Amino acid sequence: MMRVAVLITGRGSNLGALVEAVSVKDFPAEIALVLSSKPDAAGLEIAEKAGIPTAIIDHNDFDSRTAFDEALNEHLEAADIQFICLAGFMRILTEEFVGKWRDRLINIHPSLLPSFKGRNTHERVLHAGVCFSGCTVHFVRPEMDEGPAIVQAAVPVHAEDSADDLAARVLKAEHHAYPLALRLIAEGRVRVIDEKVHIEGAHSPGDYLLNPTEES
Ligand code: GRF
């Protein structure tokens, strides 16, 4: 069983999807710690309800990114964590931390990376007038929203969409994509070679492009 920590800052709906996924009997990973950078993150309640140990490392208590990341690292090591999922974790991690956890640290971003990195993603997608958006689960690199993609899911963009409509459609896709990526990794099927992800048993890159219907 791979011991996973999920790092959050807010709502925690992706945490909820991961908690549900690992509760299935044959899932080869367990969420051993939920760590929040804000004491009032709604996601903490999801963890508590599921009986998962929680910790709060309030970024306001630290005067540098380095000090914050060191505290984070201490907590993760003390809890014997082997793998980290960032799920709406709104802190930029230092190069040192990212290097230490290289290929054991993943994130979900609400766009089809490498397009639309950064914040206000859905507004910028609508402004660009593209027909598809989606989400990407990727290994973390020091540059924001960079790193080899593990799973992507595409959703349509409709002409009448508001940013909230699109965000809700993408979020549903996120809740499929993140558990799938974690499962593939925990099964030991994911390798990074030359900064590209190879998935054992996948015959084409499309094997792990999810296209959930609006109803799913
Ligand atoms: C998600 O849209 C995720 O892609 C982005 O932050 C949001 C977090 O939402 N990184 P939640 O806290 O998981 O509900």
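**A note on the ligand site and one loop**

1. A good place to start is Arg11: an N or O atom in its side chain is 2.5 Å from an oxygen atom of the ligand. Please keep in mind as you look around that this is a predicted model.

2. Two other residues can be read in the same way. The side chain of Glu174 has an N or O atom 2.7 Å from an oxygen atom of the ligand. With Asn14 the partner is in the backbone, where a polar atom is 2.9 Å from a ligand oxygen. On its own the ligand has 360 Å² of accessible area, and the protein covers 84% of that.

3. Where does the ligand sit? The ligand is found in the largest pocket. Two elements each give two or more residues to the shell around the ligand: helix 1, spanning 13-22, and strand 5, spanning 105-109.

4. If you would like to pick out the residues around the ligand one by one, they are Arg11, Gly12, Ser13, Asn14, Gly88, Ile108, His109, Pro110 and Glu174. By character, this shell divides into five polar, two charged and two nonpolar residues.

5. Which domains does the shell around the ligand draw on? Domain 1 (1-101) and domain 2 (107-203) each supply at least three of its residues. Colouring the two domains separately may help you follow this on screen.

6. Next, have a look at the loop between strand 5 and helix 5 (121-128), which is where Pro114 has its place. The peptide bond joining Leu113 and Pro114 is cis, with omega at about 10°. Strand 5 has already come up here as one of the elements that give residues to the ligand shell.

7. What is the phi of Asn120, a residue that is not a glycine? Its phi is positive, at about 50°. Asn120 also lies in the loop between strand 5 and helix 5, the loop in which Pro114 has its place.

Conventions
Residues numbered from 1 in each chain as written. Predicted model: local features only at pLDDT ≥ 70, side-chain atom pairs only at ≥ 80, totals over all residues. Heavy atoms only, no water. Near = heavy atom within 4 Å. Polar contact = N/O pair within 3.5 Å; in protein donor to acceptor, adjacent residues only side chain to side chain. Areas by Shrake-Rupley, 256 points an atom, 1.4 Å probe, with all protein chains shown as cover. 1 Å grid on protein atoms, 1.4 Å probe; cavity = no way out; pocket = protein on both sides within 12 Å on 5 of 7 lines; lining within 4 Å. Sits in = over half its atoms within 2 Å of the grid points. Helix = DSSP H or I, 4+ residues; strand = E, 2+ residues; numbered from the N terminus. Nonpolar A, V, L, I, M, F, W, Y, C, P; charged D, E, K, R; others polar. Domains from an automatic or database assignment.
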